[in-house]
Amino acid sequence: MASQKAPLSGNSISPLSELPFGVLLCRSGPEPMHAQLAKQVREAVLSGTLPAGTRLPGSRRLALHLGVTRGVVADAYAALVADGTLAATVGSGTRVPGGAARPQAALQRAPAWFTPPAPAPVDGPPGQPGVHFQVGVATTATLDQRVWRKAWADAARQPVSGDYADPQGEADLRAALCAWTGRSRGLSTTAEHVLVTAGTLQALNLIVRALLPPGSAVLMENPGYRAARQVMLDAGHHVQPLSVDEDGAVVTAQTPPARLVYVTPSHQFPLGVRMSLPRRLALLEWAERHDALIVEDDYDGEFRYGAPPLPPLASLDRSGRVLYLGTLSKALTPAVRTGFLLAQGALMPALVRARLLLDGGHPLPVQRALTHLLIRGEVDRHVRRTRRWHAQVRGALTRELVGLAPLAHLGGIEAGLHLCLHLAPGLDAGALTDRLASRGIFVSTLASHTFAGPEAQALLLGYAGLTAAQARAGSQEIARMVRATPGCPAPYEQA
């Protein structure tokens, strides 16, 4: 065959100087070179790169430019003429006929029945330099790179399977997660009750789609985690607000019935308060009375600063109603995209089935690397180092802001990786945010997290991605801006 005789080295790229695109021909590839050339010319015609009427170079001349035999070009042209991509006329050469290109509108038009969704309610990476008090991130400054590389090397040495993994997660990893939650959260469970997930949002998607009947009533903290709320809405459920005060989600005799309630009791998102023990017991009693499930999202419960731990709802549950969501994104890094879901045995088959049909389960190399880190206690050591790091950053942040009373006061400082700076009446969080952004200090407000009633005027300050120096500089500018607000009492103007 001509393609076998072509004097090309493997993976070489030769420019097609007489046409407005380059040609990549690989002699060592599985596809004959004349087929490779035909495919690339066809795409150029269909996309309009080679417009109608364009005359292609003769086969001898093109072969010379490409460094291939004439037979490669002749066979490619013959295939393109046969399928109508090109037209050959004796005495006029080979040209692009009219009507060969795809209409651009057809390339870009969605089906008539398609409704574009609103943008996902999540924050993207920072788009400009400055101090970003971003929530939902973690630091890798405390990550032991030697240990990290060793874990992945250990995973790479494991035998490579030709079969799919267990969609529930590998038994060794599930057992290691059980032991870890026992050590870190005092939560006793067994591997049969653990489902390895690709994070909290995937776990929540599995729950609301696999367990709840269509159109179920769901209660959610207000203000609350906006991405979690969107998951519920996208699944077709009806979200109702559950108010939050200094003791966490408010549960009373007037709390309406629902099939599920989503709460963040260890460090409420976004206010940062912790749900008191009486509230936890009241919520469990409410769920029992209304035959409801509780989703307990413990997204950063490993990080506490002098505050005594409160028992997870799952440890107080006696009827199997709590679905506990844990994650390694904050404890380790979001890069591993790994979390876990603890559920009673009767619910687990439906959740595993949903995971199997969604993506087949978690990647084996990731599971093996995490198992290595967990069973050797490396995650525990990393959390202890990171807790000390975050405590220093939190200290630098709070020292600059505690003196703002009565203009502002801090909330949510006992645990977690963010806090709220609540503003006094008359201070506008949105306007303050805009003024800070003009100074390179980027914060957010509660507006996008509030879906019922007026939002509280507060700044949401995530500090997991900052150093102590960045937190100090940013908080000093925040304090200066608050004190410079029109109408500020005189003593603070002089501070």
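**Close-up views of a predicted model**

**View 1. Surroundings of Ser475 in the predicted model.** Leaving aside residues up to four places away in sequence, Ser475 is in contact with Phe133, Ala396, Leu397, Glu400 and Leu401. Ser475 lies in helix 16 (residues 468–483). Its relative accessibility is 0%, so Ser475 counts as buried, the limit being under 20%.

**View 2. Ile478 and the largest nonpolar core.** This core comprises 76 residues, and Leu461 and Ile478 have the most contacts inside it. Beyond four places in sequence, Ile478 touches Phe133, Leu401, Leu421, Leu436, Ile441, Val443, Leu459 and Leu461. A second core, separate from this one, has 26 residues, among them Leu195, Leu204, Leu260 and Tyr262.

**View 3. Strand 6 (residues 194–197) and its pairing with strand 13 (residues 339–342).** The two strands run antiparallel and are joined by four bridges. Thr197 of strand 6 is placed opposite Gly339 of strand 13. Val194 and Val196 point one way from strand 6, while Leu195 and Thr197 point the other way. All four of these residues are buried. In a regular strand, side chains alternate between the two faces of the sheet.

**View 4. The buried side of helix 4 (residues 70–82).** Helix 4 has 13 residues and spans 18 Å from its first C-alpha to its last, close to the 18 Å expected at 1.5 Å a residue. Its buried residues are Val72, Val73, Ala76, Tyr77 and Leu80. These residues lie on the same side of helix 4 because they cover an arc of only 125° around the axis. Just after helix 4, Gly84 has a positive phi of about 90°.

Technical notes
Residues are numbered from 1 along each chain as its sequence is written. This is a predicted model: local features need pLDDT of at least 70, side-chain atom pairs count only at pLDDT 80 or more; totals for chains, interfaces and linings use all residues. Side-chain values use heavy atoms; hydrogens and water are left out. A nonpolar core is a set of buried Ala, Val, Leu, Ile, Met, Phe, Trp, Tyr and Cys residues joined through side-chain atoms within 4.5 Å. Buried means under 20% relative accessible area, exposed over 50%, partly exposed in between (1.4 Å probe, protein chains only). Contact means heavy atoms within 4.5 Å. Two strands pair if DSSP finds at least two bridges between them. The expected span of a helix is 1.5 Å times one less than its number of residues. The arc is that of the directions from the helix axis to the C-beta atoms.
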